[in-house]
Amino acid sequence: MAAQNNAPLPDGLEIAGYRIVKKIASGGFSIVYLAYDPDGVAVAIKEYLPSSLALRRDGELVPTVSRANLPVFRIGLKCFFEEGRALARIAHPNVVSVLNFFRAHDTVYMVMAYESGHSLQEHIQRQRAKGGKVGEAFIRTIFIQVLKGLREVHASKLLHLDLKPANIYLRTDGTPMLLDFGAARQTVNNDMPTLAPMYTPGFAPPELYAKTGGLGPWSDVYSIGASMFACMVGSPPQPADQRKSEDKMAGHFDKLAGGYSPELVELVRWCLRVDPLERPQSLFALQKVLQAAPPPPPQAPRGIMARLGGGLRGLVGRLGGAARPKARAGPDTLV
Ligand SMILES: Nc1ncnc2c1ncn2[C@@H]1O[C@H](COP(=O)(O)OP(=O)(O)O)[C@@H](O)[C@H]1O
Ligand SMILES: [Mg+2]
């Protein structure tokens, strides 16, 4: 069955005690709705509905899944459920909060705390539309918190495996949270069959392309580097499979010099190593660099800076940095 647009559940529908307000997003794998729980609290409900496997026409609630697609649909459903259950045990401010799960309409629904905000990808696009770029201080602040959330995920024996600006959500108070663990896989005790992992070109590490495995925390590290790169450049890095034959990344890193501190550029380069063993082996190592290295020097008139000396330059750098404050190819392709 070819991919199609599935009809969303109708606004106002009551389902398992929740009232659907409206669809807020739909991807190839699921539809996300804003809804209210019985107490009137806003929740986001994610409905498992892979469009390549299931078809729901307008006016229907239960999707049709062909006999041929049924086994794969069921495996995906089980993964969605199991992984959501694992996620539900994680309570961290930088990880989306999963509140409930229920079955209805021959599929599964995951209930999350609703957060108002927008994705990091939207942030990048807005900055670029204004002719600006995502500043170093902002990147550092956001990714230090993203890494805190990711440490918690890894500590729960989960990998995210689809980290990218579209899956990093910025609440209106500016704090980030990790979303969309659809591709997450349990790293231990994984005795259930899994679907081939989905990956997003540019953000997916090379080992995700190789069917031989070798996935680990270092795989998420690659995607973190790719996400920081996307903040800096406005588009994803060269896809990892292409890098294996002709790696064009060196030139891109060189172009970043000047706009960002050498420490940050080096960190991104380190995360984006093709060889997993050459990447940072712990998130802690990454956090340390993000917290320690200085922000970039300001763009100030040369003469004044020379006369005032390095001390003030550092101070202005910090202030200047602080003041500057997302294949599923298509929609995730920036620029
Ligand atoms: N808990 C939530 N609160 C608010 N919006 C959410 C929440 N979860 C998802 N969304 C919205 O739905 C979009 C898609 O969610 P995501 O989990 O990434 O699904 P997909 O598999 O379609 O990419 C997000 O970019 C965000 O706009
Ligand atoms: Mg997503």
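**Reading a predicted model**

Me: How much surface does the protein chain expose, and what share do carbon and sulfur atoms supply?

Reply: The protein chain exposes about 15,700 Å², and carbon and sulfur atoms supply 55% of that. Accessible areas here come from the Shrake-Rupley method with a 1.4 Å probe, and for residues only the protein chains shown count as cover. Bear in mind that this is a predicted model, where local features need pLDDT of at least 70 and side-chain atom pairs count only at pLDDT 80 or more, while totals for chains, interfaces and linings use all residues. For bookkeeping, residues are numbered from 1 along each chain as its sequence is written, chains are lettered from A and ligands numbered from 1 in the order in which they are written, and side-chain values use heavy atoms, with hydrogens and water left out.

Me: How many helices and strands are in the protein chain?

Reply: Those elements are DSSP runs numbered from the N terminus: helices are H or I with at least four residues, strands are E with at least two. In this protein chain you'll find 12 helices and 13 strands.

Me: What percentage of the residues in the protein chain is buried?

Reply: First the cut-offs: buried means under 20% relative accessible area, exposed over 50%, and partly exposed in between, with a 1.4 Å probe and protein chains only. Of the 335 residues in the protein chain, 48% are buried. Take Gly225 in helix α5 (residues 217–233): its relative accessibility is 0%, so it counts as buried. The C-alpha atom of Gly225 is 9.9 Å from that of Leu286, 61 residues away along the chain. Another case is Leu77, in helix α1 (residues 70–88). Leu77 is buried because its relative accessible area is 8%, and its C-alpha atom is separated by 9.4 Å from that of Pro50, 27 residues apart along the chain.

Me: Which residues coordinate the magnesium ion (ligand 2)?

Reply: The general idea is to look for donors, meaning N, O and S atoms within 2.8 Å of the metal (3.2 Å for Na, K and Ca); water is not among the atoms, so sites may look incomplete. Here Asn167 (OD1) and Asp180 (OD) coordinate the magnesium ion, at 2.1 Å. This pair links distant parts of the chain, 13 residues apart: Asn167 is in the loop between β10 and β11, and Asp180 is in the loop between β12 (176–178) and β13 (185–186). Both Asn167 and Asp180 are buried.

Me: How many residues surround ligand 1, and which are the closest?

Reply: A residue is near a molecule or strand if one of its heavy atoms lies within 4 Å of it. For ligand 1 there are 17 surrounding residues, the closest being Lys46, Ala113, Glu115, Asn167 and Asp180. β2 (18–26), β3 (30–36), β4 (42–48) and β8 each give at least two residues to this shell. Domain 1 (14–113) and domain 2 (118–291) each contribute at least three; those bounds come from an automatic or database domain assignment.

Me: How many residues of each class does the shell around ligand 1 have?

Reply: Ala, Val, Leu, Ile, Met, Phe, Trp, Tyr, Cys and Pro count as nonpolar, Asp, Glu, Lys and Arg as charged, and the others, Gly among them, as polar. On that scheme the shell has 10 nonpolar, 3 polar and 4 charged residues.

Me: What distances separate polar atoms of Lys46, Ala113 and Asp180 from ligand 1?

Reply: A polar contact is a pair of N or O atoms within 3.5 Å; within protein, one must be able to donate a hydrogen and the other to accept it, and residues adjacent in sequence count only if both atoms are side-chain atoms. An N or O atom in the side chain of Lys46 is 2.8 Å from an oxygen atom of ligand 1. A polar backbone atom of Ala113 sits 2.9 Å from a nitrogen atom of the ligand, and a polar side-chain atom of Asp180 is 2.9 Å from an oxygen atom of ligand 1. Taken alone, ligand 1 exposes 550 Å², and the protein buries 89% of that.

Me: Which side chain has a polar contact with that of Thr200?

Reply: Asp162: the two side chains are joined by a contact of 3.0 Å. Thr200 lies in the loop between β13 and α4 (206–209) and counts as buried because its relative accessibility is 3%.

Me: What is the sign of phi at His105 and Leu161?

Reply: Most residues other than glycine have a negative phi. His105, however, has a positive phi near 50 degrees, and Leu161 has a positive phi of about 70 degrees. His105 is in the loop between β7 (98–104) and β8 (107–113), and Leu161 is in the loop between β10 (158–159) and β11 (168–171). His105 counts as buried because its relative accessibility is 18%; Leu161 counts as buried at 4%.
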